[in-house]
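Welcome to this short briefing. Have the viewer open and follow along, topic by topic.

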Amino acid sequence: MATAVHRNGSLSAVSLRVFVLVGFGGGALTQALLFTVFLVLYVVTVLGNLTMIVVITLDARLHSPMYFFLKNLSFVDLCYSSAIAPNALANFLSTSKVISFEACATQFFFFSLLATTETFLLAVMAYDRFMAICSPLRYPVTMCPTTCTRLVLGTFCVGCLNSIVQTSLTFQLPFCSSNRIDHFYCDVPPLLQLACASTALNELFLFGLCGFIIVSTTLAVLVSYGYITVTILRMHSGSGRHKVFSTCGSHLTAVSLFYGTLFVMYAQPGALTSMEQGKVVSIFYTLVIPMLNPLIYSLRNKDVKDALQRLGQRHSLVKAVRGCPEARGNASV
């Protein structure tokens, strides 16, 4: 809902059916440059995460809990960026930049769901590494396929619950006559700035839930890697240490990037007052980080690089076999 101001100064509620995503300022040249940057980031994100999903699915040597979680992380990143980027790209080429009330609520619901899911999924991946390194004998039993599936489903359930709460609280607010969202997608902080009613409860839930999610998952990661570090220092094999550090370093890099940007955006009191800073930070966790994750895990992971090489060799072999009949046909002629 929105409020309309009559000539006598009284307020009345009118239905608000559309929002305008202001996005970034600038003329046509700036919008074209932003379109190019967003398009490159999104294409690389899609290709990188699809490649990870395909490689892990096709290579039997990667059918382990760690890569099962990594495949799900790539799936979440792919959906996560796809909830934001296509609409942002369309708006760069549009003069109206309009999004309907329902589409805005839907976009925010999936954005919140996937962001929360990724936060808990990264914590689950840290727990997986803890079990694999600190309790290797119990690892096959503890992290069996059923347990892994339940853990992934649990992250989606928690994400869905948080998304339902945030979406319900935000979109039941009465919005004022201005329908211009100072962002390139629908998010809580800029939407709260348009509300006519008190947003104290919404801000409390935003900081409370996001703070709890980030702090609890960060603690889980830190505790897991605390035990992992102690175990690594006790190792006598230099090659074993290097392999463990390489794998854990990739995950810690991904965790630091994602949790850091989320904390800057949602878990501090000043988050609601700095929209320009929020737009820049949002680019990182909606496009840059989903693009970097496949690179981080593939470039620092020998198993993934070997799997990519095997997949390439298999493709070349299939291509050669398919070309053999043609070659024999040409030879007989």
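In this predicted model, the cover over the buried residues of helix H6 includes strand E3 (18-21), helix H2 (65-82), helix H4 (101-134), helix H7 (188-192) and helix H8 (200-233). The residues of H6 that count as buried are Cys-148, Val-152, Thr-155, Gly-159, Asn-162, Ser-163, Gln-166, Thr-167, Leu-169, Thr-170 and Phe-171. For the wider setting, the protein chain holds 11 helices and 5 strands, and 46% of its 333 residues are buried.

**Helix H6 and Thr-155**

- Helix H6 runs over residues 145-171, and its 27 residues should span 39 Å at 1.5 Å a residue. The C-alpha atoms at its ends are 39 Å apart, so the expected span and the model agree.
- Thr-155 is a good residue to click on in H6. Its relative accessibility is 3%, so Thr-155 counts as buried, the cut-off being under 20%.
- Leaving out residues up to four places away in sequence, Thr-155 touches Thr-117, Phe-120, Leu-121 and Val-124.
- A general point helps when reading such lists: an α-helix has 3.6 residues a turn, so residues three or four places apart point the same way.

**The open sheet**

- Three strands make up an open sheet with mixed pairing, in the order E4-E3-E5. Strand E4 (98-100) and strand E5 (180-181) are at the edges with a single partner strand each, so one side of each has no neighbour in the sheet.
- E3 and E4 run antiparallel and are joined by 3 bridges. Across this pairing, Phe-19 stands opposite Ile-99 in E4.
- E3 and E5 pair in the parallel sense, over 2 bridges. Here Leu-21 is the residue opposite Ile-181 in E5.

**Lys-97, ahead of E4**

- Lys-97 sits in the loop between helix H3 (85-92) and E4.
- Is Lys-97 buried or exposed? Its relative accessible area is 14%, which makes Lys-97 buried, as the limit is under 20%.
- The backbone of Lys-97 deserves a look too: its phi is positive, about 55°, although the residue is not a glycine. As background, most residues other than glycine have a negative phi.

**The second largest pocket**

- How much space lies in the second largest pocket? The volume comes to about 180 Å³.
- The elements that each give two or more residues to its lining are helix H1 (28-58), H2 and H6. H2 gives the most, with 4 residues.
- In total 14 residues line this pocket, and those nearest its centre are His-63, Ser-64, Pro-65, Phe-68 and Pro-145.
- By type, the lining of the second largest pocket divides into 9 nonpolar residues, 4 polar and 1 charged.

**Met-52 and Ser-82: reaching along the chain**

- Met-52 lies in helix H1. With 4% relative accessibility, Met-52 counts as buried.
- Which residues does Met-52 touch, not counting those up to four places away in sequence? They are Leu-70, Ser-74, Pro-294, Tyr-297, Ser-298 and Val-304.
- Met-52 and Pro-294 are 242 residues apart along the chain, and their C-alpha atoms are separated by 6.6 Å.
- Ser-82 belongs to helix H2. Its relative accessible area of 29% makes Ser-82 partly exposed.
- From Ser-82 to Gln-107, 25 residues apart along the chain, the C-alpha separation is 10.0 Å.
- Across the protein chain, among contacts with a separation of 6 or more, 77% are between residues 24 or more positions apart.

Technical notes:
Residues are numbered from 1 along each chain as its sequence is written. This is a predicted model: local features need pLDDT of at least 70, side-chain atom pairs count only at pLDDT 80 or more; totals for chains, interfaces and linings use all residues. Side-chain values use heavy atoms; hydrogens and water are left out. The expected span of a helix is 1.5 Å times one less than its number of residues. Buried means under 20% relative accessible area, exposed over 50%, partly exposed in between (1.4 Å probe, protein chains only). Contact means heavy atoms within 4.5 Å. On a 1 Å grid over the protein atoms alone, a cavity is a set of points where a 1.4 Å probe fits but cannot get out, and a pocket is an open set with protein on both sides within 12 Å along at least five of seven lines; lining residues have an atom within 4 Å of a point. Grid points are joined across faces, edges and corners, and a volume is the space filled by probe spheres set on the points. Ala, Val, Leu, Ile, Met, Phe, Trp, Tyr, Cys and Pro count as nonpolar, Asp, Glu, Lys and Arg as charged, and the others, Gly among them, as polar. Two strands pair if DSSP finds at least two bridges between them.
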